[in-house]
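Student: I would like a close look at one part: the aromatic rings and the space beside them. Please take me through it step by step.

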Amino acid sequence: MAAIDVSHVRKSYGTVQVVHGVSIAIEDGEFVTLVGPSGCGKSTLLRMIAGLEPISGGEISIGGRVVNNLPPKERDIAMVFQNYALYPHMTVAENMGFSLSLRGASRQEFDTSINRAAEILGLGHLLKRYPRELSGGQRQRVAMGRAIVRDPAVFLFDEPLSNLDAKLRVKMRAEVKSLHQRLKTTTVYVTHDQIEAMTMADKIVVMHDGVVEQAGAPLELYDYPVNQFVAGFLGSPAMNFLDGQIEEGPAPHFRLNGNTVLPLASLPMKCRAEAVLGIRPEHITVHPDGVPAEILIVEPTGSETHIVARVADHDVVAVLRDRFDGKPGDRISLRLDPARIHLFDKTTQIRIASC
């Protein structure tokens with residue numbers, strides 16, 4: 001196992017810079033996800049850690065050793081790709097043990113390593129099959145097994161579940177997390193799926209346009225996003241954003257327009273200023289003391305109901321835990337929990353702190 005230190009790392013393709021001085025500290029045995037929209041630089045950063053892409057500046061160390069100029073095979077890492085990359089003419093056992101064969105491992109070492117990985121991943125009964133005879137989830141487990149037999153210091157996952165259907169992704173998420181809990185190997189996992197990031201990681205690193213927007217524990221980022229981008233990226237359905245103005249008055253409140261005001265739990269540091277109010281859908285309830293709203297869409301999911309409603313020229317999404325019999329066109333009152341409201345500077349999009 002090994003810690004990873006990414007210090008001021010940059011990546012350019014010609015005159016185009018795609019990673020802008022990224023610094024990340026990954027502790028020994030930690031499970032870290034790099035998450036962000038397509039094109040944010042997360043896969044490029046992972047490939048630089050792996051040695052598949054040269055860096056344009058900065059420093060990467062693994063286990064206290066600078067690896068900037070080391071080839072991938074000397075970095076003691078194992079990588080699992082999105083497309084499995086299995087050899088179709090090899091059995092499961094041969095695919096998993098390919099790296100052992102290349103380095104001339106003995107038959108005993110080969111069998112011991114393969115059987116250990118197969119036991120961890122539940123592949124013992126599939127060792128003699130070929131990739132064409134496996135399901136998508138089984139192929140992904142074989143790819144993971146091939147990484148395990150190398151007994152690396154670091155696992156690198158590049159969107160390994162994106163080719164699977166929704167139900168299988170949920171199952172494989174649990175398997176990857178369980179694997180990490182058993183092996184305690186430092187893991188860096190790239191995904192664009194914020195649900196994967198929230199459910200699997202010890203630490204999330206949110207990237208956007210080649211920079212790190214915020215890094216920390218999943219619930220820390222969810223509850224205390226540093227800016228509007230992080231707030232909107234994490235969470236499904238996404239956070240609602242409403243433009244308006246912070247006002248003091250007898251009690252602090254946020255004015256949307258005209259007479260529509262929302263109470264605030266505390267006085268923000270910026271008062272009498274235009275801002276953006278953020279509120280997550282699960283923190284909005286139907287309540288007689290709320291603000292007037294008109295239902296636009298009702299989406300029952302079984303365990304909860306999602307509604308889209310118009311509040312003072314803003315469309316907001318609410319997630320209701322109880323059964324709801326409203327229909328489009330109905331007038332209701334919605335309460336936005338003051339203690340759960342986030343405020344962001346309208347110009348910088350940075351979170352506004354309370355006094």
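Tutor: Start with a count. The whole structure holds 6 aromatic pairs, where Phe, Tyr or Trp rings (six-membered for Trp) have centres within 6.5 Å. This is a predicted model, where local features need pLDDT of at least 70, side-chain atom pairs need 80 or more, and totals for chains, interfaces and linings use all residues. Residues are numbered from 1 along each chain, and side-chain values use heavy atoms, without hydrogens or water.

Take Tyr87 and Phe98. Their rings are 4.9 Å apart, centre to centre. The planes meet at 50°, so the pair is tilted (stacked is under 30 degrees, edge-to-face over 60, tilted the rest). Tyr87 sits in the loop between β6 and α2 (92-96). Phe98 belongs to helix α3. In sequence, the two residues are 11 residues apart. (Helices are DSSP H or I runs of at least four residues, strands E runs of at least two, numbered from the N terminus.) How accessible is Tyr87? Tyr87 has a relative accessible area of 32%, so it is partly exposed. Phe98 has 23% and is partly exposed. (Buried is under 20%, exposed over 50%, partly exposed in between, with a 1.4 Å probe and protein chains only.)

Now turn to Phe157 and Tyr189. This pair is tilted, with 5.6 Å between centres and 35° between planes. Phe157 lies in strand β7 (residues 154-158) and Tyr189 in strand β8 (residues 186-191), so the pair ties together parts 32 residues apart in sequence. Are these residues buried or exposed? Phe157 is buried, at 2% relative accessible area. Tyr189 is buried, at 0%.

Next, widen the view. Ring pairs join Phe157 and Tyr189 with Phe31 and Phe155 in a cluster. Phe31 has a charge over its face: Lys177 lies there, 5.3 Å from the ring centre. Elsewhere, Arg132 lies over the face of Tyr130, 4.9 Å from that ring centre. (Over a ring means Lys NZ or Arg CZ within 6 Å of the centre and within 35 degrees of the normal.)

Now look for empty space. Rolling a probe the size of a water molecule over the atoms shows where such space is left. The structure holds 1 cavity of 30 Å³ or more. (On a 1 Å grid over protein atoms alone, a cavity is a set of points where a 1.4 Å probe fits but cannot get out; lining residues have an atom within 4 Å of a point. Points join across faces, edges and corners, and volume is the space filled by the probe spheres.) The largest cavity holds about 40 Å³.

Which residues line the largest cavity? Three members of the ring cluster appear in its lining: Phe31, Phe155 and Phe157. Val176, Leu179, His180 and Leu183 line it as well. Thr185 and Thr187 complete the list. Two elements give two or more residues each: β7 and α6 (166-183). Helix α6 gives the largest share, 4 residues. By class, the lining has 6 nonpolar, 3 polar and no charged residues. (Ala, Val, Leu, Ile, Met, Phe, Trp, Tyr, Cys and Pro count as nonpolar, Asp, Glu, Lys and Arg as charged, the others as polar, Gly among them.)

Put the pieces together. Phe157 pairs with Tyr189, is buried and lines the largest cavity. Phe31 belongs to the ring cluster, has Lys177 over its face and lines that cavity.

Note on methods. 1 Å grid on protein atoms, 1.4 Å probe; cavity = no way out; pocket = protein on both sides within 12 Å on 5 of 7 lines; lining within 4 Å.
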